[in-house]
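Thanks for making time. I have one structure to go through, overall figures to begin with and then a single helix.

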Amino acid sequence: MSHKIRRHILFYGRVQGVGFRYYSVHKANSLGLTGWVQNRMDGRVEMEVQGEESGIDQLIQFMDAQRSIVIERMEVREIPLAEERRFREIGY
């Protein structure tokens with residue numbers, strides 16, 4: 001039986017203008033994760049991601065391995081599950 005979780009994550013570092021949203025959308029969908037990602041006006045990237053914990057961990061590791069992206073730190077909290085079909089980019 002699968003156990004889904006949902007996390008709200010704020011990424012700090014060199015995370016805008018480096019393909020962060022593009023990479024995260026494609027990787028999350030390939031892992032069967034749902035949720036969204038967006039740039040914030042203050043330079044951070046905000047994400048809500050839902051799925052198996054192992055899949056979420058794989059997504060974060062993949063993002064951190066991209067040469068153009070530098071994740072200095074993350075604020076992570078568990079949030080309630082949501083009904084959605086895919087992972088997408090929102091905002092500007």
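How much area does the protein expose, and what share of it do carbon and sulfur atoms supply? The exposed area is about 5600 Å², and carbon and sulfur atoms supply 48% of it. Please keep in mind that this is a predicted model.

On to the overall dimensions. Along the principal axes, the C-alpha atoms occupy a box of roughly 35 × 25 × 20 Å. A compact globule of 92 residues would have a radius of gyration near 12 Å, and the protein has 12 Å, so the two agree. Of those 92 residues, 43% count as buried.

Next, the secondary structure. There are two helices and five strands, and along the sequence they follow the pattern β-α-β-β-α-β-β. If we take contacts between residues at least 6 apart in sequence, 79% of them join residues at least 24 apart.

Now the helix, H2, residues 53–65. At 1.5 Å a residue, its 13 residues should span 18 Å; the end C-alpha atoms are 18 Å apart, which agrees.

Which residues of H2 are buried? They are Gly55, Ile56, Leu59, Ile60 and Met63. These residues cover an arc of only 140° around the axis, and therefore lie on the same side of H2. The general background is that an α-helix has 3.6 residues a turn, so residues three or four places apart point the same way. Gln61 and Ala65, on the other side of H2, are exposed.

What do the buried residues of H2 pack against? Their partners are strand E1 (4–14), helix H1 (20–30), strand E3 (45–52) and strand E4 (70–79).

That is the end of my part.

Notes. Residues are numbered from 1 along each chain as its sequence is written. This is a predicted model: local features need pLDDT of at least 70, side-chain atom pairs count only at pLDDT 80 or more; totals for chains, interfaces and linings use all residues. Side-chain values use heavy atoms; hydrogens and water are left out. Helices (H or I, at least four residues) and strands (E, at least two) are DSSP runs, numbered from the N terminus. The expected span of a helix is 1.5 Å times one less than its number of residues. Buried means under 20% relative accessible area, exposed over 50%, partly exposed in between (1.4 Å probe, protein chains only). The arc is that of the directions from the helix axis to the C-beta atoms. Contact means heavy atoms within 4.5 Å. The radius of gyration is taken over C-alpha atoms; the globule rule is 2.2 Å times the number of residues to the power 0.38. Accessible areas come from the Shrake-Rupley method with a 1.4 Å probe; for residues, only the protein chains shown count as cover.
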